[in-house]
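Student: I would like a close look at a single part of this model, with the strand pairing and the aromatic rings taken together. Could you walk me through it?

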Amino acid sequence: MFFIKSANRVIHWTSHAKVKMRFYRLSEQRVRRILNSPKRIEGGIAPHTLAMMQPASVKTMGGKQVWSQEIWVMVQKSDKKTKFISAWRYPGMTKPGDPLPEEILKEIKSLI
């Protein structure tokens, strides 16, 4: 477990989140950027969690924003602490409200 203090809030990184960040080549700063300005927020599959998404890179085609990858972060927030549970890259564009892929669901549920 890793702790970082950030502007009156303690950020806690689970070992699973650190492993996934290494696997998907995501830096701590990139993951924090998703926390600070997500493009979309949905309820997480674990109790009392949020899943936040930001596109890896955005292109504008015909006045519409498109992207080929999304970066997702699952967090659990309390008054003084933010706990990063997991992070992953998703190839393609998801639609709001779509369920997570079965592979990611199994992996996260095994942590709970």
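Tutor: Happy to! Let's start with one facing pair: I71 stands opposite R89 in β8. Keep in mind that this is a predicted model.

I71 belongs to strand β7, which covers residues 69-77, and R89 to strand β8, which covers residues 81-91. These two strands run antiparallel and are joined by nine bridges. They form a hairpin, with three residues between β7 and β8.

On its other pairing, β7 meets strand β4 (residues 50-55), again in the antiparallel sense, over six bridges. A handy place to look there is L50, which stands opposite V75 in β7. So β7 has β4 and β8 as pairing partners, given the six bridges to the one and the nine to the other.

Now for the rings. A search of the whole structure finds three aromatic pairs. One of them is W13 with F84, a stacked pair at 4.3 Å centre to centre and 10 degrees between the planes. W13 lies in strand β2 (residues 9-13) and F84 in strand β8, so this contact ties together parts that are 71 residues apart in sequence. Both partners are hidden from solvent by the numbers: W13 counts as buried because its relative accessibility is 0%, and F84 counts as buried at 1%.

Another stacked pair sits within the hairpin we began with. The ring centres of W72 and W88 are 6.3 Å apart, and the pair is stacked because the planes meet at 5 degrees, where anything under 30 degrees qualifies. W72 lies in β7 and W88 in β8, so the two rings tie together parts that are 16 residues apart in sequence. Here too the side chains are covered: W72 counts as buried at 4% relative accessibility, and W88 does so at 2%.

While you have these residues on screen, look at I71 and W72, next to each other in the sequence. In a regular strand the side chains alternate between the two faces of the sheet.

Finally, return to W13, since its ring has another neighbour: the charged end of K18 sits over that ring, 5.2 Å from its centre. A similar arrangement can be found at F23, where K20 lies over the face, at 5.3 Å from the ring centre.

To pull it together, β8 carries F84, which stacks on W13, and W88, whose ring is stacked with that of W72 in the hairpin partner β7.

How values were computed
Predicted model: local features only at pLDDT ≥ 70, side-chain atom pairs only at ≥ 80, totals over all residues. Heavy atoms only, no water. Phe/Tyr/Trp six-rings, centres within 6.5 Å; stacked < 30°, edge-to-face > 60°. Helix = DSSP H or I, 4+ residues; strand = E, 2+ residues; numbered from the N terminus. Buried < 20%, exposed > 50% of the residue type's maximum accessible area, 1.4 Å probe, protein only. Lys NZ or Arg CZ within 6 Å of the ring centre and 35° of its normal. Pairing = 2+ DSSP bridges.
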